[in-house]
Structures are given as structure tokens and as C-alpha cells.
Amino acid sequence: MTISIRDMYCNYSTTPLALKNGKPKFLWIIDSDKKRGKQTAFQLLVSSFPDLMKENKGDMWDTQKVESSENYCYYEGKELESFKRYYWKVRVWDEEGGMSDWSSTSCFETGPLEKKDWKAQWIAKKDLKTFKSSGDYDTESYKQYYASFFRKPFELRNGIKKARAYISGLGFYELYLNGKKIGNNVLDPGQTEYSKEALYSVYDITNYLSLKNCIGVILGNGRYIERYGYSKPRLVLQILIEYEDGNKEFIFSDNSWKSSHGPIQENGIYYGEKYDARLEMPNWNIYHFDDTNWEETEIVSGPDLRYQSMPPIRVTSALKPQKMYSIKPGVYIYDFGQNFTGWVKIAVKGPRGTEIKIRHSELINKDGTLNTATIRKAEATDTYVLKGEGLETYEPRFTYHGFRYIEVSGFPTVPTIESVEGCFVHTDVEKIGDFYCSNELINKVHNNILWGQLSNLHSIPTDCPQRDERFGWMGDAQLSAEEAIYNFDMNLFYENYLQEIKLSQKEDGSIPDVVPAYIKIYPADPAWGSAYITLAWYLYEYYKNEQVLRNHFDSMKKYVEFLKDNSENNLIKKLGKFGDWCPPGAISPKKTPVEVTSSWYYYNDVYLFSRICEVLGEEDEAKYYLELSEKIKNSFNGGFLKEYGYETRMFGPVDRLISQTSQILPLYYEMVPKDKKEFILERLIDNIVEHQDSHVDTGIVGTRYLFDVLSENGYADLAFKIITQESYPGWGYMIKEGATTVWERWEKLEAGGMNSQNHIMLGSVDTWFYKYLVGLSLTKPGWEEVKIKPHLVSDVSFASGKVKTVKGEFLVSWEKAETTFKLSIAIPFGCEANIFIPRLGEEYVLNESGVLLVDSSKKQDNLPESKIKFEGIEEDSIIVNVGSGQYYFELKSK
Ligand code: BGC
């Protein structure tokens, strides 16, 4: 049995081209067919030359053999230099003294490690044409600019070894070298609080260079606009060229660059984009172009720069329209059959000057025309003016839309179904989870959530992708985070977002509802502000990202203290405003008082923060905040626990209906006094079953925790029933009514206002599919130990799930028949699983890979030969403990 290193990561990326500040983290995934295999030691080498790796030498760092079961470590070697490539490899030992071979050699690069390494200047076009967009979220309209084009010719000598471009351009940029677009990032850089920081990306441009070169950059508005307090678009670019002879050369953005307007005119996130192909400037981004008519650029100020370590936004797939029809001569509607985020690409031939308009919507009216009510004031219109030269193709660059339908008008001929193609555009996070089960409705709900989740990843977690918002509303972000984490690799994405939260923090510790704070709503509703603590905690739990806890410790503490300063008798009575947002039939919470949600989040934040302190070894603080959380819990019960259950807003003397959410929240954290737990649970179940006919009466907050509470307390069947209801309100209802993503509201509403068809906040239910239906959840941070407990619910005969983690891939797949239950699992090296196998009755036999494990008719002894430990019987499950490896359990009831 061998062990080997399969995947290697530096700062959670494969081969990063720049580092964030601080010590890089090295992480390796071990591959082995060993059962119960565990790493006991590792050795890691870092060197500045690849040849040293061949000799197994680390001139920068040689850890020697370190006793450790962790499959990661933080760099402690010699000081790293800016703009350098380093090489690393690792080997590991297991508990039997077996040693892996050295891993393959991986590498990472440092970019500009310090501010002084940025020699380039921020530049902008001097005079810019302006326009206004009415989509700017409020009544006032602010100006934005036509896109600006920049060029800089330069010469190099022979013998280039490597070249890198470090660039940021606000709001959005596109980079070209010698006429070719560099990289496949779109809508780059990610959105930030631009007055403080902008993100830069790094590209390997070695193969794009020759002796005579030209850089071309286009800038669009993005969020860098007057409405949010910014002025005209600007860029900073630094190219580093390293020659074979060891010499280095830099090319910087400065006022020797020239600029111009071009074919991209109006452009805005809400507005759309106008492209006049007659204004194209062929070869504007190659060396020999005559730029005498171009203007000088000016040097402007710009923010500090931070490496964009999260994956960029990309076009990830193409969608073909499902159908197309005409609503009047010359006006065509295309239906993509799927609500998604991005834009369309058109292919057209026609006379010069022909103007084509593409409007976007989520819905259509009964008469087949676009219903743009749900996108509110966002113009969401792309315009293309033909140059009249053969087949022309166009897709916008500096806007994006959330839509299912488009209306195309002005086409020179009758367009065909092939004339347009949808481009799905979102932050390109890796899909690491996979879920499927025998119930088609559940699969459809899952699928809708995936579309909705990706649509709402646009460098920040957005509320929605279509209307005049698309902001980082933090409530939506934190409520959907666990779902996102089961499906996608979210670590670097949320790490970036946490930095934005930190930047948005005020002196008094408060943070806003929307981050980046383009609209400044301070202080956040505690359910929204909780994103700070909750996301940081998830990054530790799911990715063992301790660095993030350390980096945010002071600011998180300031936030928790802010909550404390705003509490009265350990409850929060005044910060709440949204609370259990969007319950059935309303936007604002109905039955659930905001004081309940605010105070519960106060508990959540203080309790999680005490655990964060514990992880960081801050013992005094851990104790202090744990005690504070106890006080909050007591006050919560003292203040909100009534005779009828937890505090509910009653509408008149005969109203006895309790709030589901008010009961769910304290149950989730086991806050309910022991002697009252059964009562509260009964009240909740009674409310759901008897009063709501097994439907939710929860807003986004209660919904997030409902299914954990039900399943942890023996009501998984009810959870399943609620999720698969096809009647209002529920996910099945949305699907029956044609939803292809998840609605903002439980109601089918198609007018303006708050009726987005693609919000992710109610997508939190997806976690239930992995955690309870498949039955995979972690019980120790970083997936070191998991619980596998399939919840058998009626009508589901099989379910399977896969999750790729920082330890490797977990697989759980089960199948149930009348008298048999089969469970196959795979546990990565170094991990343990406590498995709860349903026993389907009193008499049974359990085998693993054909070998008898447990026979109910015999007294159970531990199996001496087996690596599987029998832990006992609990209620309806046989509990066994396994380590790494693949296992095939088969239970037969007699
Ligand atoms: C957003 C929500 C957000 C809310 C705050 C809305 O306009 O779309 O999802 O959380 O405002 O209550």
C-alpha cells in the first residue's frame, strides 16, 4: 500500500503568480488506498532554483522531518523577494513509518510584496464623454463615461525568459498585447471599496511578446462611478521582463501613454453597453498603429493594490436559446429556458449603420412581450451598430445582465435561433460538490440553486443579478454561505469578501448591510452584520483557514464589542430592521419580532467569536465571550420565552399562531432550557403540520436553520415534505410555476418592487441535501472527522454526494430497498468518519465488502482483524467508526 502526494496548493491556489501579504500556506492532498491511514510527519522544501529541487535541496526553507498530522504548514523560511518564482515539494510519513516519494515540484511567485515595488502610476484619459443611467438605484442620476482606450508601444531585445503583467483598471479593464486579449478574465478586477483598495491581477505574458510591442487597455465604468463617490476610470499596469542573461526590465503606466475613445460608448452595470462598430480603430493595440490623433493621458491618484487571489469572473458556458418568436415585425424574443447571469453574443451580417438592440428580462408578459418589471430601473440594454463588413460578432464587455429572455430588434434580416448565444458569466469558483438523489423534484431544486448561486457570485456575493441592485447584501451572503461551501470552493472568494467587510468597518466597530458599501447603510441589521463572524468561522471550519481568523481578529472583536455597546440587558433591541426578511406574504417580518432575530445573532456572533478566540489561543477572551454568550442566552430566554413559546407578534386577541422562526433559532443552538425543549419543539411541529399544512412560514433567517433543527430532532421526513411541497409556499411551488432559479419571495410575483426571480437567500436549503439526505457533515474543523448519517425519508430510494475538501474527496452514496440498505463511502487519507447505518428493524446483518460486521442475533464483539470499529447501537442506527479508505456496507434486515 502506497502513499503519494496528489494535489499541492500554495495559499489555496495551485501555482499563484503573486502572494497576499503574510506567510504563504502550503497544503497537500495525500492519495492512498490505505485503510485508516494517517500522516505522522512531513518534510517540505522551498528553493529559489528548480535544479535544487532535483537534488532535494531547499535553499529557502527545509523543514526537516516535522512530526505533524496536519497536511499543511505556513512558510517559515528565508525572507522572500518580490517578483520571484520559488519551487516547493513535500513528502510525508504515515503511522506505520511508510514514506511517500517526494511530490512533484510545484511553484509559486511573489508579485510586488511592498508598496514601493509598485513603480507604475495610475493614469486616466483627460477628457471623457459622459452619459447618464437611470438605473442607479435611486432617483438621482449620476454621470458615467464612455469607455477609454489606452496604448503604449515599446521595444524589447532578444532573449526574454519570462514576462508578467500586473494590472488593475477601475471599474473594469480589458488588457491586450500586440492585438491579443490577455487572459480570460472578464469584468476584472473584482469589486472593492475603491477609495481604500483595488485588486490587481497577474498574467504570464511571456509568449505574447516580440521585439516591437504594444500594450492596449480598455476601461469601462463598472462600479467606479460618481454615484458611489468615485470619478473617472483609471488604470495601473506594470510589466516585468526577465531576460535569459538575468537582467530585468519594467514597463510602467505613466503619462507617456496615449488614450482615445473608441467603439465602446455608454457602458454600465445596470445600463448595458453600446458598441458602434463604425468607430472601431483597426490595430489600435499593435505597435505600428498611427496614434497621432490620440490624446495624452494624465496621472491621477489611485488606491492601494491587493492581489486578487480569488478566481476571476469568466464566461463559463454557452447557452443555446430554446425557442424564438416574433412579437411584431422586426422584434424577436428568445427564450433561453434558464434564468442566468451574463450576456448574449450575436452574429450578424448587414448594412453599415444598422442598429441592433438587445433588451433583457427575467419574465415575459402574457402577450409574449418582455416583462422588465423585476429588473426595475436597470436599462439592461445592449446596442450594436454594424460596420457593414461581412459577418460581425459582438458581445459586451463592461456590463452584465440577469435574464432568461431577450428581445432583439433592429436586426437587418430575420435572425435565426443560431444568431444569438447566451454566455454564463460569474466568478469561476471550482465546483467541488456533487449531489443527486432518486427524487426528481429535489434534484431540480438543487439544480435551480446551483444556477442561482453562481449567478450571484460576481467577485462579491450579490443579492440578485438583474435589477438596479446586485449589491453585496451581507444577510443574503451569510445565509447562503454553507450551501455555497458544499457546492463550490469558496475559500478565496469569502476571504476576499472578509477583507472588504474589514475595510468597510467604522471607528465605532459598526459595519454596513451592504459590502462594499457603495450604498452606505450603517449599522447593519445584526442578521446582516453577522456575515463577518459567520463567514470567518466557516472558513476555519471548512478550510482550516486560521490565517483569516488571525487577520480579522481585532476587527471582529471590534464588531462584537459594537454589538455589546448596543445591547440592553444582553439583548439587541434597536439595530434590527430587516430581521426574518421575506416571510410568506410580506417583505418585512410578520410574526417574528426583529428583536428576536437581532438578539439571536448577537448570541451567534459572541458564541462563535469565543470559539475563534479559543482556536487562536486567546484563552482569556475565549472565556470572557463564552460567558457573555451564556448571559445572552439567559436573557434571551428570560426576555422572549413566553408561555406559548418564543416571542411572537400576535395580531389581535384571537391570534394564537406562533412564529416558526422564533422557535427555530433557539432550538438550533440548543439555547432552550432543557425542561422546555420538548414543548418548544412540539409547538414548532404543531405549527408547521397543523397550521401551515407542512409548509414554511419562515423568512430567509428561519428558513436557513429550519431543516437542521427538524433533522437533528427526528423530523427529517417533515423536512423532506416541506421541501417537496408543490403548493405555496415552497421550492416545489416555485418550480411548478416555472422557476429555473430561486425567487426572492415565496409568492409568484411578476410586478416591480422586490420580486427578483433569482435571489440566493432561500437557496440555503441545499445544505440539507448534503448534510442530512446524503448525510455528510463535518464534526472537526478541516474535515478531519465527519459524521455520515443518511436520513432515510419516504420516497427517496437513493442519494449520493461528493465533496472535495482540504483533505481530499469524500464520497457517500446509499441505496435503500425494502429489506436492504447499501452504503458506499470513501474517506480521504488522515480523516475519520463516524457512520450511522440505519438498521431497518430489530433483526439484521451488516456486512462490509462481503465480510460480516454485525449480526443482531449475536453479541457484538469488536472485530479484531477489521479496521472498522463497532461503536454501538443508537436508536435506529448502527454506529461504526472508520478511517481513510473505501467501504461498502450492506445491511439486510431479517
Ligand atoms: C435585497 C435583499 C437584501 C435586502 C435588505 C433587498 O433589496 O435584494 O436581498 O438583503 O434588500 O433587506
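**The ligand site, a helix pair and a hairpin**

In the ligand site, an N or O atom in the side chain of Trp-528 is 3.0 Å from an oxygen atom of the ligand. The structure is a predicted model, and the description below starts from this site before turning to helices and strands.

Two further side chains make comparable approaches to the ligand. For Glu-469, a side-chain N or O atom is 2.6 Å from a ligand oxygen atom. For Asp-476, the distance between a polar side-chain atom and an oxygen atom of the ligand is 2.4 Å. Trp-528, Glu-469 and Asp-476 belong to a wider set of residues around the ligand, which also includes Asp-463, Arg-467, Trp-473, Phe-578 and Trp-581. Glu-744, Met-754, His-759 and Met-761 complete that set.

Asp-476 also falls within the range of helix α3, which spans residues 474-487. The axis of this helix comes within 9 Å of that of helix α6, residues 531-543, and the two cross at roughly 10°. Because angles under 35 degrees count as roughly parallel, α3 is described as roughly parallel to α6. On the α3 side, the contact involves Met-474, Ala-477, Gln-478, Ala-481, Glu-482, Ile-485 and Tyr-486. Their counterparts in α6 are Ala-531, Thr-534, Leu-535, Tyr-538, Tyr-542 and Tyr-543. By character, the residues of this contact comprise 10 nonpolar, two polar and one charged.

Elsewhere in the chain, strands β26 (residues 323-328) and β27 (residues 331-348) pair in the antiparallel sense through five bridges. One of the bridge partnerships joins Lys-328 to Val-331 in β27. The two strands form a hairpin with two residues between them. In the turn, Gly-330 has a positive phi of about 85°.

Terms used:
Residues numbered from 1 in each chain as written. Predicted model: local features only at pLDDT ≥ 70, side-chain atom pairs only at ≥ 80, totals over all residues. Heavy atoms only, no water. Pairing = 2+ DSSP bridges. Helix = DSSP H or I, 4+ residues; strand = E, 2+ residues; numbered from the N terminus. Axes fitted to C-alpha atoms, helices over the stretch in contact; angles between N-to-C directions. Parallel < 35°, antiparallel > 145°, perpendicular 65-115°, else oblique. Contact = heavy atoms within 4.5 Å. Nonpolar A, V, L, I, M, F, W, Y, C, P; charged D, E, K, R; others polar. Near = heavy atom within 4 Å. Polar contact = N/O pair within 3.5 Å; in protein donor to acceptor, adjacent residues only side chain to side chain.
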